[in-house]
Amino acid sequence: MRLKRLQVENIRSYKNLDISFDSGVTVVSGVNGSGKSSLLEACFSGLFGSSTLPAGFVIADMIHKGETKASISLEFEQGGREYVVEQGYRVNPKTGSASSSGSVLKVDGKILVDQATQTYDAVRELLNMDEEAYKNCVYIRQGEIDVLINAKPKDRQRMIDDLLQLGRLEEYRERAGSARVGVGRIKRDVEWQVKNILTDIEKIEIEKPHDKLNKSREMSGRVQSNIDALGKKKDAAKSKMDELNTTISEYSALSVTKDSINSQITEFNGKKTTAFKEIESIRNDILLKNKTTQKIKEETSVLKKEIEFEDGGGGGDIKTVVEDMDADERRTRDNVSAIENKRKLLENSMAQKRESVKDQDNQLSAIQKTIKKLNDDLASMQQGIERSEGSLKEFDGKRQAAVDEVGKLGFTIEKLDNIDDMMELLTDQQKKLHGREREKSTEIAELNKRIEKSKDLLAKGMCPTCGQDLKGSSIGETTAGDEEQKLKFDDELSGVRSKQVEIDEKLGRVRSLKAHAKVIADCIKDMELIRSKVETSEKSIVDYNTRIAEEEKKVGELEGRREVFVLAIDEISKEIAELRERENVAKDEHSKAGKSLSVAKNIQGNILEIDKLQDNVKQLDGKIVDIQKMIGLFESQINERKERLVEVEKKMGTIDIKDLKVKCEQFESAHKNIGVQMESLSREKGEVQKDIGRLENEIRRLFSLENNLKLLKNKSDYLHAVYMDAEALENMYMRIRADLRSRNIGALDAALNEMFSFMYSNNAYSHIKLDSEYNLTVYEKDGTTLEPKLLSGGERAIFNLVLRCAIYRLLSLGVGGASRGAALPPLILDEPTVFLDRGHIQQLIKLIDMMRDIGVGQILIVSHDESLIDSADHVFVVEKDPITNTSSISAM
């Protein structure tokens with residue numbers, strides 16, 4: 001596998017990054033905290049997504065602060081094909097939490113998968129390793145270089161087994177073991193079921209269900225024969241019972257007919273009596289109506305005298321009188337209404353005029369208030385103008401003072417236009433000098449550490465690289481060169497600080513100029529505002545005087561219109577008084593006409609009532625004649641019903657109803673007893689049928705159990721065979737894993753000692769031992785054993801690098817399974833020189849050259865060590881802007 005290109009947007013300290021990788025050794029350099037390691041982390045996250053985040057970290061932690069989206073695109077070549085992994089992220093602006101927005105894997109420009117889980121699985125399958133194996137083999141993270149040494153033997157065994165593909169064999173063995181256990185559990189369940197079925201079959205066969213079923217069927221037949229015989233007897237009793245009930249019903253019908261005829265005779269006698277009473281009542285009503293007619297005639301005579309009316313006894317004259325009086329009443333009423341309406345119209349007109357006068361009074365009051373307010377505002381504006389003129393003089397004095405200060409600093413007003421550009425230029429120079437000062441201070445501090453360490457070694461007389469005598473070593477020359485370089489850096493730092501003082505003085509003057517420029521600009525702005533305000537106030541004074549004149553003119557016009565309305569109100573009041581006098585006279589005339597009309601209508605009503613009463617008396621006389629005819633009909637109906645009653649009593653005399661009821665009760669009792677016997681036999685048959693059904697179910701269950709027994713025995717035999725196969729497969733995987741582990745340990749031990757001898761020549765150590773449990777032991781030349789974690793810091797770091805490189809070498813050669821060298825990612829080292837002195841750094845460079853010589857096509861290193869940079873094929877420099885906190889990268 002070869003990395004080709006990395007594109008990053010808003011990841012960690014990178015806003016935008018686009019970098020291409022070539023074969024060979026690539027070193028990424030830069031000061032601490034500039035973003036070098038973030039470049040490697042972006043490659044790591046590009047391959048495996050958010051699963052690469054350390055414990056306690058979330059996606060939002062790797063997105064540039066303040067951004068709402070981010071992305072990583074990593075291109076690499078594998079087996080002659082081009083791959084691109086694209087990871088996208090988005091941030092919720094409200095909560096600040098982040099999540100994946102997309103994960104795509106492309107092959108030769110075409111999308112292979114487009115979901116995060118699928119992309120992760122595809123990359124893991126392509127590289128034959130997950131993110132943990134990636135860290136343990138190809139990506140040696142800063143601070144995690146001695147993970148394999150410090151790990152417990154069991155954890156180290158798991159890590160290396162996973163890298164060498166032995167973990168899969170263990171996984172397959174566990175799967176086979178799980179399958180064996182699962183099959184064994186199912187086999188035991190099946191054997192338990194066979195045992196239970198055999199017990200159930202034995203219980204059923206002891207009961208002999210077939211014999212019991214035949215006996216129950218015979219008994220059911222006998223019971224059914226008895227039921228059929230009783231059914232025939234029951235039907236005969238029912239037939240005789242129905243015959244007797246028919247005769248009894250006929251007798252009952254005749255008895256009902258007799259009672260009905262007697263009831264009708266009684267009813268007709270009652271109607272005849274009621275008719276005689278009604279004739280008596282009508283005669284009394286006729287007498288009462290004659291008396292009422294006489295009384296109404298007397299009252300009518302009195303009313304006629306009241307209105308002085310006389311006629312010949314008919315109703316025609318009274319009708320004419322009523323019509324005349326009605327017309328007179330309507331005339332007087334209309335006269336009253338006309339006078340009243342005219343009065344109301346005048347009263348409404350007077351009310352409206354009074355309302356108009358009131359409105360005019362309100363308008364006059366409002367206008368006078370407006371005139372007063374305008375005069376007050378006019379005086380206030382005059383005072384404001386006087387105050388503004390005083391402020392103008394004050395701001396002009398301040399402006400002139402600031403102009404004088406600018407002149408004292410050696411500038412003119414015209415030059416102040418470029419003050420911001422001057423400020424920005426000086427600030428940029430100050431930042432650059434500050435960064436240069438920090439860089440030189442860091443370099444001087446590192447040189448001081450190296451010089452002190454070299455002096456200590458010189459004092460001991462030992463070479464830090466080989467542990468031998470100092471003779472022939474170049475450390476003295478190196479130390480002298482470091483001291484000369486330190487003096488040079490001190491001179492450069494002094495020059496930078498002198499420039500900083502000069503720039504600070506210039507910035508102070510520019511800031512003072514900027515402050516005076518602001519005062520001048522503010523004064524000019526305030527003076528312009530004041531002049532504008534004075535001009536506006538003078539225009540307003542002219543407008544206010546015009547408005548006051550207009551309002552005073554309105555006052556005169558309103559007072560004239562008010563006088564006209566007051567005179568009109570007096571005229572209307574006089575006219576209303578005259579109309580009220582006429583209205584009272586008209587009301588008296590209308591009252592008299594109304595009373596006469598009421599008397600005439602009463603006379604007319606009495607005459608009509610007398611005619612009505614006389615007509616009613618004639619109708620009642622006719623009704624008496626009709627009732628007398630009805631009484632004759634009632635007597636005829638009574639005689640007819642008596643003849644029918646004699647015929648019914650003659651028919652009823654031939655039937656002995658008591659004897660018939662006794663016989664019917666006897667047959668009903670016999671019918672009921674037979675039914676009880678049949679119900680008893682039916683219940684007996686039902687019990688027998690239940691036994692038959694139960695026995696048939698038992699026989700069917702026996703048949704089903706026998707079939708299930710055959711199936712379960714076959715299943716048990718099959719499961720036994722599967723169990724034995726799974727056990728054999730589990731043992732096979734165990735043997736293969738043990739055999740491969742033994743081979744891998746031997747190969748890894750040989751590679752480890754080969755590289756160890758190469759790195760530690762002329763040293764105190766002879767070799768390394770890697771046992772079957774992955775325990776590591778270092779042997780000194782005198783045979784003394786030593787645990788790797790007890791080595792010095794630099795030696796432990798080199799030992800770890802040797803172990804990692806040995807594992808990487810084995811994987812590149814295809815040890816541990818199918819060939820996978822071409823699939824391995826580049827070897828990646830993050831700050832490998834930590835804890836290494838100059839001698840150990842030279843050994844590290846040898847190790848890198850050795851890895852390149854054995855065929856590792858691409859090695860990425862993050863370091864700011866000059867020796868590593870000089871030995872690299874390609875070098876990139878990372879810089880971070882201290883103001884924007886954004887990293888950028890460039891090729892050297």
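**Exercise 1. List the residues that Val 8 touches, leaving out those up to four places away in sequence, and decide whether Val 8 is buried or exposed.**

Solution.
Step 1. Apply the contact cut-off: heavy atoms within 4.5 Å. Not counting residues up to four places away in sequence, Val 8 touches Tyr 14, Lys 15, Asn 16, Leu 17, Ala 42 and Ser 71.
Step 2. Place the residue. Val 8 lies in strand β1 (residues 2-11). Helices (H or I, at least four residues) and strands (E, at least two) are DSSP runs, numbered from the N terminus.
Step 3. Read the accessibility. Buried means under 20% relative accessible area, exposed over 50%, and partly exposed in between (1.4 Å probe, protein chains only). Val 8 has 5% relative accessibility, so Val 8 counts as buried.
Step 4. Check a distant residue. Val 8 and Leu 824 are 816 residues apart in sequence, and their C-alpha atoms are 23 Å apart in space.

A note on the source: this is a predicted model, in which local features need pLDDT of at least 70, side-chain atom pairs count only at pLDDT 80 or more, and totals for chains, interfaces and linings use all residues. Residues are numbered from 1 along each chain as its sequence is written, and side-chain values use heavy atoms, with hydrogens and water left out.

**Exercise 2. Find the element that holds Ser 38, then its contacts.**

Solution.
Step 1. Ser 38 sits in helix α1 (residues 36-48).
Step 2. Ser 38 has a relative accessible area of 15%, so Ser 38 is buried.
Step 3. Leaving out residues up to four places away in sequence, Ser 38 touches Arg 12 and Tyr 14. Tyr 14 is also among the residues that Val 8 touches.

**Exercise 3. Trace the strand pairing from β1 to β7, with a bridge partner for each pair.**

Solution.
Step 1. Fix the rule: two strands pair if DSSP finds at least two bridges between them.
Step 2. β1 and strand β4 (residues 69-78) run antiparallel, joined by seven bridges. Here Leu 6 stands opposite Leu 74.
Step 3. β4 and β5 are antiparallel, with ten bridges. Leu 74 has Val 85 as its bridge partner in β5. Two residues lie between these strands in the hairpin, where Gly 79 takes a positive phi near 60°.
Step 4. β5 and strand β6 (residues 98-107) run antiparallel over nine bridges. Gly 88 has Gly 102 as its bridge partner in β6. This hairpin has six residues between the strands, and Gly 96 in the turn has a positive phi of about 80°.
Step 5. Three bridges pair β6 with strand β7 (residues 110-113), again antiparallel. Lys 106 stands opposite Ile 111. Two residues separate the strands of this hairpin, and Asp 108 takes a positive phi near 55°.

**Exercise 4. Why do β9 and β11 each have one side without a neighbour in the sheet?**

Solution.
Step 1. Three strands form an open, antiparallel sheet in the order β9-β10-β11.
Step 2. β9 (765-770) and β11 (785-786) stand at the edges with a single partner strand each, so one side of each lacks a neighbour in the sheet.
Step 3. Helix α11 (residues 657-759) packs on the sheet and touches β9 and β10. Its direction makes about 160° with that of β9. Axes are lines fitted to C-alpha atoms, for helices over the stretch in contact, and angles run from 0 to 180 degrees between N-to-C directions.
Step 4. Five bridges pair β9 with strand β10 (residues 776-780). Ile 768 has Val 778 as its bridge partner.

**Exercise 5. Describe the overall form of the chain, then its confidence.**

Solution.
Step 1. The chain has 14 helices and 15 strands. Its radius of gyration is 65 Å, well over the 29 Å that the globule rule gives for 892 residues, so the chain is more spread out than a compact globule. The radius is taken over C-alpha atoms; the rule is 2.2 Å times the number of residues to the power 0.38.
Step 2. The C-alpha trace spans about 175 × 135 × 45 Å along its principal axes. Of the 892 residues, 37% count as buried.
Step 3. pLDDT is the predictor's confidence in each residue, from 0 to 100. The chain averages 82, and 94% of the residues score at least 70. Over residues 464-468 the pLDDT is below 50. Residues 816-820 also have pLDDT below 50. Where pLDDT is low, the predicted coordinates should not be read in detail.
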